[in-house]
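Here's a quick rundown of how two chains come together and what sits in their nonpolar cores. Have a look at the model first, then read on.

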There are 2 protein chains.
Amino acid sequence: MCHACQVSIDKSATTAKTPGHNEPLTPTCLLGLGLIGGSMMRDLAAAGEVVYGYNRSTATVDAATAEGFEASSDLIATLQRAEQDRALIVIGTPMPVVGRMLDAIAEHAPSCGITDVVSVKGAVLDEVRARGMEHSYVGAHPMAGSAKAGWEATVTGLYDGAPWVITYDLADECESAGLAVPERWLEVFTQVSRLGKALGSQLIPATSPRHDDAVARISHMPHLAAYAVATVGAGGELPISLAAGSFRDGTRVAAAEPDMVMSWCENNAEPVLGALDEVIALLTSAREQLATEGTAKELAQLGFEARGRYENRPVQRPITQLTVGESGWVTKLREAENVGGQFELL
Amino acid sequence: MCHACQVSIDKSATTAKTPGHNEPLTPTCLLGLGLIGGSMMRDLAAAGEVVYGYNRSTATVDAATAEGFEASSDLIATLQRAEQDRALIVIGTPMPVVGRMLDAIAEHAPSCGITDVVSVKGAVLDEVRARGMEHSYVGAHPMAGSAKAGWEATVTGLYDGAPWVITYDLADECESAGLAVPERWLEVFTQVSRLGKALGSQLIPATSPRHDDAVARISHMPHLAAYAVATVGAGGELPISLAAGSFRDGTRVAAAEPDMVMSWCENNAEPVLGALDEVIALLTSAREQLATEGTAKELAQLGFEARGRYENRPVQRPITQLTVGESGWVTKLREAENVGGQFELL
């Protein structure tokens, strides 16, 4: 199934496109074939796109190859092929390896566009900037996943309907400074947008700081809060015995592996600290109101209304259609970002 | 269906018991026919027990009467009947009305045993003690409910399998002081235990302070935490747009009506303050560790382990069998409380 046009495609027919189908994607080179990269490989190959990848583990490479995918544990050879293809490179490794991947790309595939699927964006952008590679980099955060990891966990359709955040920091900065956005970057932005669309995702524009602030608020901080509530709640046999639905759901994500949650928080410390400070301030105010006035209704009302805003969010995000590079297109991205909307390329 | 012996019983057969069935319950007089009291009425009547009730609202009384239940909006007449029957009176009104109900009972039904189904226990016990009625009072907290309220929300089987906390403060204090537990109180404890068992509930002993501390930890504080997380998370259109499962589940109970949550917190302020202080301290420590060491792994590990203790709690609570008033029975209650266990009367 091609997610872009919802037409079934013969996996072997890599060149013959269904009539009316968009142009084929730029070839995709995946660095890392875990849940995120591997699932992408499945969908792109099924859609007849050119896709191949690198993984450090030969077990993963063997498993992917056995299923007919093009995978290699030779990073340099993979990047050399990407350079030849002018492929879009997708960095799908854990954050600590991103810098090494960028170094290898700079050396072996300097002509390629680069994106990544790491769940924080500022930390990746810092690595990109440290190497002067921002003209060929557009970050992404496909917000899909599962509790499992590794090639064994890969599935088709993982990104279908999922939010896919695309960063546009360089365009935002150029626009603010009255400078033209580099053509090279516009090309990569188009490639990354088309990749997300081909996988069926909903493209949501965000600058890296605003993305990182948002995920600190709706994911990283809530995980820390769940850890704290779980610790206090499960503070004895009687409360554990009496715990019911509110505790079960409120601390569900406290079952998340500390290492995974820490990889988010450690690479997104400033926004997480900001969100934590806000939560601590609210709980402290509630504590003071309860101690002095015998009620905590200010926080209760705020939280009830906030949950209402979340529950009443539109079923379908507002959609902005745009042409990359046209006059005013960055303003359109900013406006879409402000309302949490998505965009589509015309 | 009789929940006690799992045998179907003809609702009309109020005297003929299935062979082998326990003795009929003491007649039950329900003050308040909302979700909690009304659902109790349905099950008790279906089991052939004598049950009748008072509700302030004539609409509720009419609805209950139309279904064949014995309901009245005349409090004094209802209590006079209870006095005649030596009924067990169940206070199923909101907390602010409990004092007035106790006054009416003292005047019109002084021979009756008293229990209640309010979700905090210390505040009710204070009202009982202020009137010197503790010899005929045993508190209860059937931990069942739904998001709905009122007679329309009543259902059969609401208590089947639910935890039903029974307080034993007076016995605990007498035991500690080397005094005999009053016979009158032992009788009421037996009546309340049999009521909970007849409704299919799992009887869990707890002193009022330990009950209130437990529900502050696993329900009241988590509601306040959810309000705070919801407020910080839904702090803009972009985070609302990107919010996924961890936010959805972690803030589910922030949709609870502030008035309801405040009725718990306001009547359980001290334990809620204690639990809030613990959560604030944990989040503050995590904040400090993240700011200074770049990680918050201490909290993550604590919370992960706490959630594990909750998830790995026994499927079936340990069961203690006891005879009310026998030598050492209060010790058995304390031991059951310490492990969050349940008890059964021999």
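Putting chain B and chain A together buries about 7,500 Å², with carbon and sulfur atoms giving 71% of that area. Bear in mind that this is a predicted model. On the contact count, 86 residues of chain B touch 86 residues of chain A.

**Polar side of the interface**
- You'll find four salt bridges between chain B and chain A.
- In one salt bridge, the side chain of R252(B) pairs with that of D249(A), at 2.5 Å from N to O.
- Counting residue pairs in polar contact between the two chains, with both partners at pLDDT 80 or more, gives 30.

**Who makes up chain B's face**
- Helix α8 of chain B, residues 208–233, is the top contributor to the side that touches chain A, supplying 18 residues.
- Sorted by class, that side of chain B holds 51 nonpolar, 17 polar and 18 charged residues.

**Nonpolar cores**
- The largest nonpolar core runs to 88 residues, and the ones with the most contacts inside it are L224 and L283 of both chain A and chain B.
- The biggest share of this core comes from α8(B), with 13 residues.
- Skipping neighbours within four places in sequence, L224(A) contacts M262(A), C265(A), V272(A) and L276(A) in its own chain, plus L283(B), A296(B) and L299(B) across in chain B.
- Another core, of 47 residues, lies apart from it and includes M40(A), W151(A), A171(A) and W329(A).

Definitions and conventions:
Residues are numbered from 1 along each chain as its sequence is written. Chains are lettered from A and ligands numbered from 1 in the order in which they are written. This is a predicted model: local features need pLDDT of at least 70, side-chain atom pairs count only at pLDDT 80 or more; totals for chains, interfaces and linings use all residues. Side-chain values use heavy atoms; hydrogens and water are left out. Contact means heavy atoms within 4.5 Å. Buried area is the accessible area (1.4 Å probe) that two parts lose on being put together, summed over both. A polar contact is a pair of N or O atoms within 3.5 Å; within protein, one must be able to donate a hydrogen and the other to accept it, and residues adjacent in sequence count only if both atoms are side-chain atoms. Helices (H or I, at least four residues) and strands (E, at least two) are DSSP runs, numbered from the N terminus. Ala, Val, Leu, Ile, Met, Phe, Trp, Tyr, Cys and Pro count as nonpolar, Asp, Glu, Lys and Arg as charged, and the others, Gly among them, as polar. A nonpolar core is a set of buried Ala, Val, Leu, Ile, Met, Phe, Trp, Tyr and Cys residues joined through side-chain atoms within 4.5 Å. Buried means under 20% relative accessible area, exposed over 50%, partly exposed in between (1.4 Å probe, protein chains only).
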